[in-house]
Each structure stands twice: as structure tokens, then as C-alpha cells.
Amino acid sequence: MQFGERLKSLRKERDLTQQDIANVLGVGRATIAGYETKGKQPDYEKLNQLANYFNTSVDYLLGRT
């Protein structure tokens with residue numbers, strides 16, 4: 001499973017919108033859509049923020065585990 005799929009799955013499990021996640025990261029909703037559907041990758045800081053927010057590991061988000 002790729003990063004975008006993992007992010008979308010975690011987001012939907014918690015009944016969050018793309019805008020909710022965008023607000024957490026301080027980015028636009030289109031950025032989150034790009035992560036989920038266009039294969040875009042966040043920088044390390046944003047990736048770490050997402051891992052902390054979802055209480056998971058960066059490795060999980062990247063599909064390594």
C-alpha cells in the first residue's frame with residue numbers, strides 16, 4: 001500500500017475531511033488531495049506531523065510495515 005492510500009485510509013477511519021488534515025499541516029486541501037491521488041510526497045516535517053497526528057510510524061505511512 002502506498003503513502004496516499006494509507007493517508008486516505010487513516011483519514012476515513014477517523015471520519016476526517018481532506019480540509020481537516022490540511023488544517024493540521026497548515027497546507028491547502030489540494031495538497032492533501034495530491035498526496036492521496038497523485039503520488040505526491042510530503043516533506044519530512046509534514047510526514048512526521050502526520051505520523052504524530054495519527055499516532056502511527058513514518059514507516060507505516062510510507063508502506064514499509
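## Exercises on a helical model

Let's start in a loop: the one between helix 4 and helix 5 is where you'll find Asn-55. Keep in mind that you're working with a predicted model.

**Exercise 1. Work out whether Asn-55 is buried or exposed, and say what its phi looks like.**

Step 1. Look up the relative accessibility of Asn-55, which comes to 73%.
Step 2. Compare that with the cut-off: exposed means over 50%. Asn-55 therefore counts as exposed.
Step 3. Now check the backbone. The phi of Asn-55 is positive, about 55°, even though the residue is not a glycine.

**Exercise 2. Do the same for Asp-15: find where it sits, then its phi, then whether it is buried or exposed.**

Step 1. Asp-15 belongs to the loop between helix 1 and helix 2, and comes after helix 1.
Step 2. Its phi is near 55°, again a positive value in a residue other than glycine.
Step 3. With 70% relative accessibility, Asp-15 counts as exposed.

**Exercise 3. Stay in that loop and show that Leu-16 is buried, then list what it touches.**

Step 1. Leu-16 is also placed in the loop between helix 1 and helix 2.
Step 2. The cut-off for buried is under 20%. Leu-16 has a relative accessibility of 17%, so it counts as buried.
Step 3. Skip the residues up to four places away in sequence, and Leu-16 touches Arg-11, Ile-21, Tyr-53 and Phe-54.

**Exercise 4. Sort the residues of helix 1 by burial, and find out how the buried ones are arranged around the axis.**

Step 1. Helix 1 runs over residues 3-13, and its buried residues are Phe-3, Gly-4, Arg-6, Leu-7, Leu-10 and Arg-11.
Step 2. Look down the helix axis: these buried residues fall within an arc of 165°, which means they line one face of helix 1.
Step 3. Turn to the other side of helix 1, and you meet the exposed residues Lys-12 and Glu-13.
Step 4. Ask what lies over the buried residues. The cover includes helix 2 (18-25), helix 3 (29-37), helix 4 (44-53) and helix 5 (58-61).

**Exercise 5. Take a charged residue from helix 1, Arg-11, and explain why it counts as buried.**

Step 1. Arg-11 has 8% relative accessibility, so it counts as buried.
Step 2. List its partners, leaving out residues up to four places away in sequence: Arg-11 touches Leu-16, Thr-17, Gln-18, Ile-21, Glu-36 and Phe-54.

**Exercise 6. Describe how helix 1 packs on helix 3.**

Step 1. Two packed helices are described by the angle between their axes and the distance between the axes. For helix 1 and helix 3, the angle is about 120° and the axes are 6 Å apart.
Step 2. Put a word to that angle: helix 1 and helix 3 are therefore oblique to each other.
Step 3. Name the residues that meet. Helix 1 brings Phe-3, Gly-4, Leu-7, Lys-8 and Arg-11, while helix 3 brings Ile-32, Tyr-35 and Glu-36.
Step 4. Sort this contact by class, and you get four nonpolar, one polar and three charged residues.

**Exercise 7. Repeat the job for helix 2 and helix 3.**

Step 1. The packing angle of helix 2 and helix 3 is about 110°, and their axes are 8 Å apart.
Step 2. Roughly perpendicular covers 65 to 115 degrees. That angle makes helix 2 roughly perpendicular to helix 3.
Step 3. From helix 2, Gln-18, Gln-19, Ile-21, Ala-22 and Leu-25 meet Arg-29, Ile-32, Ala-33, Tyr-35 and Glu-36 of helix 3.
Step 4. The class count for this contact is six nonpolar, two polar and two charged residues.

**Exercise 8. Follow Leu-25 of helix 2 to its partners.**

Step 1. Leu-25 has a relative accessible area of 5%, so it is buried.
Step 2. Leave aside neighbours within four places in sequence. Leu-25 is then in contact with Ile-32, Tyr-35, Lys-46, Gln-49 and Leu-50.
Step 3. Compare sequence with space for Leu-25 and Leu-47: they are 22 residues apart along the chain and 9.4 Å apart from C-alpha to C-alpha.

**Exercise 9. Which residues have the most contacts inside the largest nonpolar core?**

Step 1. This core has 14 residues, and those with the most contacts inside it are Phe-3, Leu-7, Ile-21, Ile-32, Leu-50, Phe-54 and Leu-61.
Step 2. See who contributes: helix 1, helix 2, helix 3 and helix 4 each supply at least two residues of this core.
Step 3. Zoom in on Leu-61. Apart from neighbours within four places in sequence, its contacts are Gln-2, Phe-3, Arg-6, Leu-10, Leu-47, Leu-50, Ala-51 and Thr-56.

Conventions: Residues are numbered from 1 along each chain as its sequence is written. This is a predicted model: local features need pLDDT of at least 70, side-chain atom pairs count only at pLDDT 80 or more; totals for chains, interfaces and linings use all residues. Side-chain values use heavy atoms; hydrogens and water are left out. Buried means under 20% relative accessible area, exposed over 50%, partly exposed in between (1.4 Å probe, protein chains only). Helices (H or I, at least four residues) and strands (E, at least two) are DSSP runs, numbered from the N terminus. The arc is that of the directions from the helix axis to the C-beta atoms. Contact means heavy atoms within 4.5 Å. A nonpolar core is a set of buried Ala, Val, Leu, Ile, Met, Phe, Trp, Tyr and Cys residues joined through side-chain atoms within 4.5 Å. Axes are lines fitted to C-alpha atoms, for helices over the stretch in contact, and angles run from 0 to 180 degrees between N-to-C directions. Angles under 35 degrees count as roughly parallel, over 145 as roughly antiparallel, 65 to 115 as roughly perpendicular and the rest as oblique.
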